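Trainee: Could you take me closely through one part of this model, the helical region around one helix and its neighbours, and then set that part against the rest of the chain?

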Amino acid sequence: MRRTITVVGAFLLSLLFIFTSCTYKVQPSVLAMNGENFSALNKSAVKSKADGKRNRFLCYGFSKNQIAHFKNAVYKNTAAALSVHISFDSKGKSKQPEYPFALGFLYEEDLSLIGNDESKLLTRPLFKGDYLECQKDNFKVSFSVSSTQDIPCGFFVYTTKPATVSEFRITEAKIGWDNSTDVPLFACGADGGRVAWNFSSADFSSAKSIFPSENALNKVMPKIEIGLFPLEDNGTWKKQMSVGLDFCGERIDLRLQKKQEKVMVQSGALRKGYTEVHAVSHPELVSSMMITANNPGLSKNKFSKVLVPLKTDLGLVMDWPQRNWRVEDYELYQWYYFPEVLFFDFASYKIQNQFFTRLAYFVEKAGYKGTLVGNDFVENKHGYNAHDYKAEDLAAFFTTAELQEFTLNEREYLLREILETNKIIVKNADGTYSAGKGAVISICRESPRYLRYTFLAHESWHGIYFIDEDFRNVVSACYNMFDPESMEFLKKFWETQPGLGYDRSDEYLMQNEFMAYIMQQSFPNIAPYFLQVAGRGSVNRIQKEGAAYIRNTEAQAFVDAGELLNDYAFEQWGLACGRVSLMIRD
């Protein structure tokens, strides 16, 4: 018993030390956070109940440890937030034209106002609302503090309607709303905001108060997560269910997968930065809109290298503003739906060649496979305009270089570092490399726009092929029952056309390219594409009869194979031939 009194006494002394300016005799609240009770700075805060009449303010003080925890959370993430659960008493009729409520922070200079002139607390930035607008009697509100602000010593809840507060937590900073559960959450930035029950839009224009507005050393722009109510039926590949989002004039359509729960939009992908977002089609399918911090580890390091990818739908890569790239030479992405696949977008062919040309000859070029060509090939020979490599080939390339003590260029060593960081290759004790899990694909900003779309689809299908055994099995079945004369035409095209030079003895490569050449364009364009290939002069000079056969059959074998692969892709992932993204930007 004596020990209990001593502990309680010490606790009250610490509160007295912090809140000497408070006119109310400080005592512990019944509520706690991080294992410690708050201090109740006024009588109504002791039991966390306000009658909304004489007692409208619930004022709480943080303990020293709670302040330290808040400060550490802000330091680690550039911002943090206090989340509070508010429950209103719904009994009785509303007699007033409005019933305002608010959440705000307390600083040491505010403590003398408590019990004296509390109304002055309502003159600073607040997260506020009106009970008459509320569609439920209980919900959570989250108010952020940024690294540019002082850490508060407490907080208050103001209400003109009888209410109880509970479940206090220090959480990540965020702005937006979440209506996916029985208790909705509303969150605002450091500038305050208003609780709005319009579950079809969100205002992120104040995000600059808690998040970086550009990518820099140790700074990375935040992400926007859009929650979705899962669908059992997402339509057909021709008419797929979608949600349309308008980011202040920039339209992004979200084609939906079955049972999909959320999507992510990196704020750096948007043309106008922090802005309002409105669901302009099927808003009833949206369960949340929230902007939150990215992992600080995504920022470029002190050597101006980006090693960790940004997670995104590939549909946003095409027009991602280069001013928002984390480094000038390239941007590195992680495919949102296939996280084992890394995706490079390069500023120029020259940079891409320095990363991948020697690797291209090592992996695919007939007559060079398994060999490390010299730097003259990297600088002067053509590799590919876009690239794709699986983990096993990447590990073999860097192992060969290690065993031969071959000096690679700086870009290739950077590639190796990126692959190791993302566990696509794993370094062994003897300096060699084993395959981890995943693949790498790339395109380049120097390619014409129409080719970038084709390359994006072509290389992305390769990425799925590398990591998904079931997909490889479907492709293999399709390949083995394909029309032999059409297959011979295709293989001879790969073998003889300048810039290709595929090794037709590599069965894995043949099946992979067979799939990608069919699926790189939309289903209606499969026949026109192969008829166009069969009409080329360079093709007819080499295989006149084969080209004639494709024209005479109207490339029907390719159409039949495409239909099978297209149906499988839509059923599995909501994708389709020529379409490897679910986000379509206008």
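Mentor: What follows starts from one helix, moves out to the core around its neighbour, and then turns to the two sheets.

Please keep in mind throughout that the model is predicted. The helix to look at is H10, which covers residues 484-496. Its 13 residues, at 1.5 Å a residue, should span 18 Å, and because the C-alpha atoms at its ends are 18 Å apart, the expected and modelled lengths agree. Several of its residues are buried, namely Ser486, Met487, Phe489, Leu490, Lys491, Phe493 and Trp494, so that the list holds a serine and a lysine beside nonpolar residues. An α-helix has 3.6 residues a turn, so residues three or four places apart point the same way. The buried residues of H10 pack against six helices: H9 (469-480), H11 (507-519), H12 (526-534), H13 (537-542), H14 (544-552) and H15 (556-573).

Of these neighbours, H11 deserves the closer look. The axes of H10 and H11 come within 11 Å and cross at roughly 100°; since angles of 65 to 115 degrees count as roughly perpendicular, the two helices are therefore described in that way. At their meeting place, Met487, Leu490, Lys491, Phe493 and Trp494 from H10 are in contact with Met510, Glu513, Phe514 and Tyr517 from H11. Phe514 also touches residues beyond H10, and its contacts, leaving aside residues up to four places away in sequence, are Val475, Cys478, Tyr479, Phe482, Met487, Leu490, Trp494 and Ala561. Together with Trp461, Phe514 has the most contacts inside the largest nonpolar core, which has 177 residues. Apart from that core lies another, of 13 residues, which includes Ala102, Leu113, Leu121 and Cys153. In soluble globular proteins, nonpolar side chains tend to be buried together.

Turning to the sheets, one is open and has nine strands in the order E3-E10-E5-E8-E12-E11-E20-E15-E18, with mixed pairing. Its edges are E3 (49-50) and E18 (262-266), each of which pairs on one side only. Within this sheet, E5 (residues 79-88) and E8 (residues 138-146) run antiparallel and are paired over nine bridges, with Ala80 standing opposite Val145 of E8. Helix H3 (residues 64-77) lies across E5, E8 and E10 (163-172), and its direction is at about 125° to E5. Another strand of the sheet, E20 (residues 286-292), holds Ser288, which is buried because its relative accessible area is 12%, below the 20% limit. Ser288 touches Trp177, Asp178, Asn179, Glu225, Ile226 and Gly227, again not counting residues up to four places away in sequence, while its C-alpha lies 9.3 Å from that of Ala202, a residue 86 places apart from it in sequence.

The other sheet is also open, with five strands in the order E21-E22-E23-E27-E24 and mixed pairing. E21 (310-312) and E24 (387-390) are its edges and have a single partner strand each, so one side of each is left without a neighbour in the sheet. From one strand to the next, the twist averages 25°. Strands E22 (residues 330-335) and E23 (residues 341-346) run antiparallel and are joined by five bridges, and Tyr333 has Phe343 in E23 as its bridge partner. Helix H4 (residues 349-363) lies across E22, E23, E24 and E27 (439-444), running at about 50° to E24, whereas helix H6 (residues 391-403) packs on the sheet by touching E24 and E27, its direction making about 85° with that of E24.

Definitions and conventions. Residues are numbered from 1 along each chain as its sequence is written. This is a predicted model: local features need pLDDT of at least 70, side-chain atom pairs count only at pLDDT 80 or more; totals for chains, interfaces and linings use all residues. Side-chain values use heavy atoms; hydrogens and water are left out. A nonpolar core is a set of buried Ala, Val, Leu, Ile, Met, Phe, Trp, Tyr and Cys residues joined through side-chain atoms within 4.5 Å. Buried means under 20% relative accessible area, exposed over 50%, partly exposed in between (1.4 Å probe, protein chains only). Contact means heavy atoms within 4.5 Å. Two strands pair if DSSP finds at least two bridges between them. Helices (H or I, at least four residues) and strands (E, at least two) are DSSP runs, numbered from the N terminus. Axes are lines fitted to C-alpha atoms, for helices over the stretch in contact, and angles run from 0 to 180 degrees between N-to-C directions. The expected span of a helix is 1.5 Å times one less than its number of residues. Angles under 35 degrees count as roughly parallel, over 145 as roughly antiparallel, 65 to 115 as roughly perpendicular and the rest as oblique.
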